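This report describes how selected parts of a molecular structure meet one another. Please examine the sequence and the model before reading on.

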Amino acid sequence: MAEAVREFTAIGTRPIRPDGVEKVTGKANFGADFSLPGMLYGKVLRSPYAHARVKGIDLSEAKAMEGVFSVITSADFPKENPSDMSCNILAREKVLYHGHALAAVAARSQSIAEEAINSIKVEYEVLQPVLSADAALAEDAPLVDENLRTNGDESFMPSNVAATVHYERGDVDKGFEKADYIVEEEYRIPSAHQGYIEPHACVADVNEKGRASVWCCTQGAFEVRNYISEVLQKKISDIKVTPSEIGGGFGGKTVVYVEPVAVRLSELAGRPVKMVMNREEVFRATGPCSATVCRVKVGANKDGIITAAKAWMAYEAGAFPGSPVTPGCMSIFAPYDLKNFVIDGLDVLVNKPKVAAYRAPGAPQSMHAMESAVDELARKLNMDPIDLRLKNAADEGTEAPYGPKYPAIGLVECLKAAKVHPNYVNKPAKDVGRGVAVGFWFNIGMQSSAEIWVAPNGAVTIMEGSPDIGGSRASMCLMAAETLGIPYDSINAVIGDTESTGFCNLTGGSRTTFATGLAVVRACEDVIAECKRRAAMTWDLDTEQVDWENGFAVPRPGVNIEAEPLSFAELAKTAGRTGGPLVGRASVNAQGAGACFSVNWTDVTVDRDTGKVDVQAFTAVQDAGRAIHPSYVEGQMQGGAVQGIGWALNEEYIYDDNGVLENASFLDYRIPVASDVPMIDCQIVEVPNPSHPYGVRGVGETPIVAPLAATANAVREVLGFRINDLPMSPPRVLEALDNAS
Amino acid sequence: MSKVHVELNVNGQPEEVLCEPQQSLLDLLRDELHLTGTKEGCGTGDCGACTVLMDERLVCSCLVLAPEANGKKVVTVEGIADQNGLHVVQQKLLEHAALQCGVCTPGFVVAAKALLDKNPDPDETTIRYWLAGNLCRCTGYDKIIRAVQDAAQELKATTTS
Amino acid sequence: MSRFGYVAPKSVADTIHLLHDCETRGERAQILAGGTDVIVQMRTFDREPRTLVDVKYIEELNRVSIEDNETYIGAAIPSGVLNENQKLKSLYPGLLESADLIGSTQIQGRASIGGNLCNSSPAGDTIPALIANAAKCLIAGTHGTRNVPVEDFVTGVGTNCMTRTEFLLGLILPRPRPRTQDAYLRFIPRTEMDIAVVGAGVSLTLDHDRVCTHARVGIGAVAPTPLLVTKAAEALIGTQCDETSLQAAADACRAAASPITDKRGTVVYRRKVVGVLCYRAGVIARDRILNGQN
Ligand SMILES: Cc1cc2nc3c(=O)[nH]c(=O)nc-3n(C[C@H](O)[C@H](O)[C@H](O)COP(=O)(O)OP(=O)(O)OC[C@H]3O[C@@H](n4cnc5c(N)ncnc54)[C@H](O)[C@@H]3O)c2cc1C
Ligand code: FES
Ligand code: FES
């Protein structure tokens, strides 16, 4: 493909991120790296049962212990109308999963805190746990929440189904009548954990007037402020949250577990309190993603046109409502232009930790089902899997299954790029299987603010509020460099606390480069407007008579004046004399995030004697709209691919019959290690998003969606039959091989 | 409480600390010496975020008891760059955008440097297996491996020229 | 209130004294070698205070000596250090590979064969390899030292034949006969950083007609303790270790196994794969001899 003429100077380059040196030298401060004088250590008591009524808690010994400063239970939280989050953070009448927090202490040292925790006596009435969607949906199933009625409808009997979701279009029965080939299958996927390497951590310090300062690792400092305010019924203005560097989140750090607890402990102790979860607690008590059951039926005619599709899916929510079943339903058919479909989804309570978002929440599971079924259709039709998808692909103007018409999207472009990619054109060797799948994510916009501060030497500081999990500071600086027309190196980006920058929604939904990026561009434009005003003043012209070109104020063509262009640096230097420091600001509620599609394929081998799947090659093609910093776009694609491979092959929450998680460590919750995976080849496709000045689409979430089915389809190709359920771990593969022979 | 007196050398500096016997070297570095560059991802030897060199051997500092470090020479991520600036491994990790969140990076820096000190010309498989105890959840490892390969090339070029 | 303690004795006698003292006081003492099991257990399911007795400063536990008829390997030597010993590696490649499989580079900076054996997990990687090599455990106690064949050392999941006042000094391995090689393979779902789902170690001696004269087979993670599988060895002795006899050895391993289903594997899986690994390890050991690695 011919290299397009470069439209940009900064955008599309790959400079070193501004926070890089601190991160390779160990100077960057992450969640657990912050300390205060006189600080205490907080620790949590967790339930040993998956489902039990709490009959009594005896805190007396802990409270009397030397070195213990405060001890709390949910009784120390506001009593009225506790939110689900509050009940998740500290259990009330019932503990709802193994590891559910029940009490917390703050003590002078970690070991005293631990002793205090061990001294707390709890009397439980053990109840039968509900451990799967099947069990939860069974007649006479025990109830996780005796007061829960489906969709809040009081006319229903209490049940474990928190909500139902339904989408439909056209007439599926007629559609299936027109089908020459039909695939109908059920697919099951267990919970997986986000697996961020940094456990949740915070320090809270509440002063004598009740003002709380909190330092924590989070995807959104403003959300943490809201949550603390909600859970503790504290005024928002009494809470300041400073985000630390964050060691991964993938959706798991969009909610809080320890922060409100630390605030309450600090409030009662009159000292700062630090809380750091250990890895076991992270696995047991923070949100994994939903385990799911998906049933899909798809029909196509002889030409490969999908005539109808039907899906039913149950998503485990954990102990509180709120699985991502809705986005799961919305995404399952998103890549296709379908005339007839029905989608039904259930949000199901079980006695497991409350699920949290995990990268493209809901989509990997449902799309694994659809993309596996489409692969089977391609086999029946004897058609190349990319060709089949091209025949049905959604494009600009297609009505998305979830309602709106797509604006410009890049699915067709990705499929076409994949079809001619050398890694696809080269056919796999004998005994190597290839699998293809498509990925999708909606992306979101939401609110962001940004400020631009210009130093007298022309250096620029960007102040914004999106925690940087993957190099987003570099992208902000690149967009500012491009907009202002100044060198990347003269710009720094700072992530502010909740009192030093304007409101900003969390880093999630792949929104940061899009929405906060938009705010940064608008703030730069604000500075440019000011620069033009200052230049106009200097030249005694009207502002309208000044243009901004490549970092210089210049008289507009046709304006009759002898004036040397004024550089950004000169304007900055003289700002004191022309009206004071140069600053710009903007805030947005960004619309039109622009959906992101991908095509992935992988080549695998299977050891038929041990059932082990080996990933030989993996290629990801994805639409980025515009890649501001291509390396970090590739990084998202590669990281998501490997997470997806891990989920497809080995990652799973394994519970015993009592609902105790058996593999709460990185030794047995097997995320891929460096020697497990090959290089991940990437091709970025750019179909600019019309709603962003540089065409950005979010790229962070789509990458995890396609690898599940791509891997499953590749294994299907080698084995000659399909394994519907994930993970395709060696025992499962070997068992399937035995059954097949 | 019976604390243990530990004398050790950290990044070339002699240090003396009082510790509880069950504390780890990681706790000693982070809580007593305030060297928070070394991270705790698991505390059980599984993630490598706490990697340091102890008497020139790579270890998980979470699986070394503080008193065991008595008399030892410890090098942490804070001791990898010198007065000439960043180590090639650090520079290459930056150039290749081989960190996203960066919490695994200190462990990778120490482990990769140790590899290149021992084996200046590792192939991709060797690098991947050497670094298998360093988990990274963000990058999928691709850019980290390339950065280490590139660092090896650069080291070779500077030592042969 | 009992607390943790740490001591690092310099001699065998001091260590025995310490263990004995703790025993009489009714306090818990635990030997600390590389700590890669001890410290993990202290941080997770076994948090009870104890005195940790660091044995890494004792000469006997750090020495390797290779004599004409036997080899001594100190119990506390980290696998990373052992694997730098080329002489050992050429004599017992399979055993050294088994030590090299333990954990990551970082773990190997600390993890010892002695620790692996004394932790006495059914899945300890070096144990089947030690069994294949007919290793003996040299144990010190209040009444001096004693020798125990490694296959008799582990008595159950996490238990072994040592009393609370004994500890392991090292392992004694017979010098391999001419034309002898060993190999160890384990199965894990990833490529690194997992505990064995199944393990198999094989040592073979072939005469100049390629006929097997001696064989030992050890298997791991398929029974409460690692096992010596005599029947597997018998299936190989007198044969050229061809497909048929290797298959017979594999079947003998499957018959000897009494695995369980747990988070790492199922009964069916383990039984099947232990045969596969015995077969494959047999091929490697055989080919090592035929390719003249010794
Ligand atoms: C991340 C990780 C990965 C691992 N991977 C593997 C693996 O792949 N395969 C595997 O087999 N193991 C693995 N392990 C377990 C562990 O590393 C090994 O069992 C190791 O060999 C233990 O040796 P150590 O020197 O660290 O023993 P320690 O932890 O010091 O001791 C282990 C046990 O033996 C006792 N002990 C030690 N030395 C003596 C002695 N001389 N006399 C009497 N008792 C003694 C201790 O009291 C303790 O009960 C892994 C551990 C971790 C943390
Ligand atoms: S913190 Fe030490 S290995 Fe994870
Ligand atoms: S960069 Fe986040 S874990 Fe490696």
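Domain bounds come from an automatic or database domain assignment. In this predicted model, that assignment divides chain B into domain 1 (4-79) and domain 2 (88-160). Taken over C-alpha atoms, the centres of domain 1 of chain B and domain 2 of chain B are separated by 22 Å. Between them, 13 residues of domain 1 of chain B are in contact with eleven residues of domain 2 of chain B. Strand β3 (residues 51-54) of chain B supplies three residues, the largest share of the domain 1 side.

A contact also links two chains: 18 residues of chain A are in contact with 17 residues of chain C. On the chain A side, the largest share, four residues, belongs to helix α21 (residues 730-740) of chain A.

Within chain A, helix α15 (residues 472-484) packs against helix α16 (residues 512-539) at an angle of about 35°, and their axes are 9 Å apart. The crossing of α15(A) and α16(A) is right-handed. Among the residues that meet are A:Met476 and A:Met479 in α15(A), and A:Val520 and A:Ile528 in α16(A).

The table sets out the residue classes.

| Set of residues | Nonpolar | Polar | Charged |
|---|---|---|---|
| Side of domain 1 of chain B that touches domain 2 of chain B | seven residues | five residues | one residue |
| Side of chain A that touches chain C | six residues | five residues | seven residues |
| Contact of α15(A) with α16(A) | nine residues | seven residues | one residue |

Definitions and conventions:
Residues are numbered from 1 along each chain as its sequence is written. Chains are lettered from A and ligands numbered from 1 in the order in which they are written. This is a predicted model: local features need pLDDT of at least 70, side-chain atom pairs count only at pLDDT 80 or more; totals for chains, interfaces and linings use all residues. Two residues are in contact if their C-beta atoms, placed from the backbone, lie within 7 Å. Helices (H or I, at least four residues) and strands (E, at least two) are DSSP runs, numbered from the N terminus. Ala, Val, Leu, Ile, Met, Phe, Trp, Tyr, Cys and Pro count as nonpolar, Asp, Glu, Lys and Arg as charged, and the others, Gly among them, as polar. Axes are lines fitted to C-alpha atoms, for helices over the stretch in contact, and angles run from 0 to 180 degrees between N-to-C directions. A crossing is left-handed if the near helix is turned anticlockwise from the far one by less than a right angle, and right-handed if clockwise.
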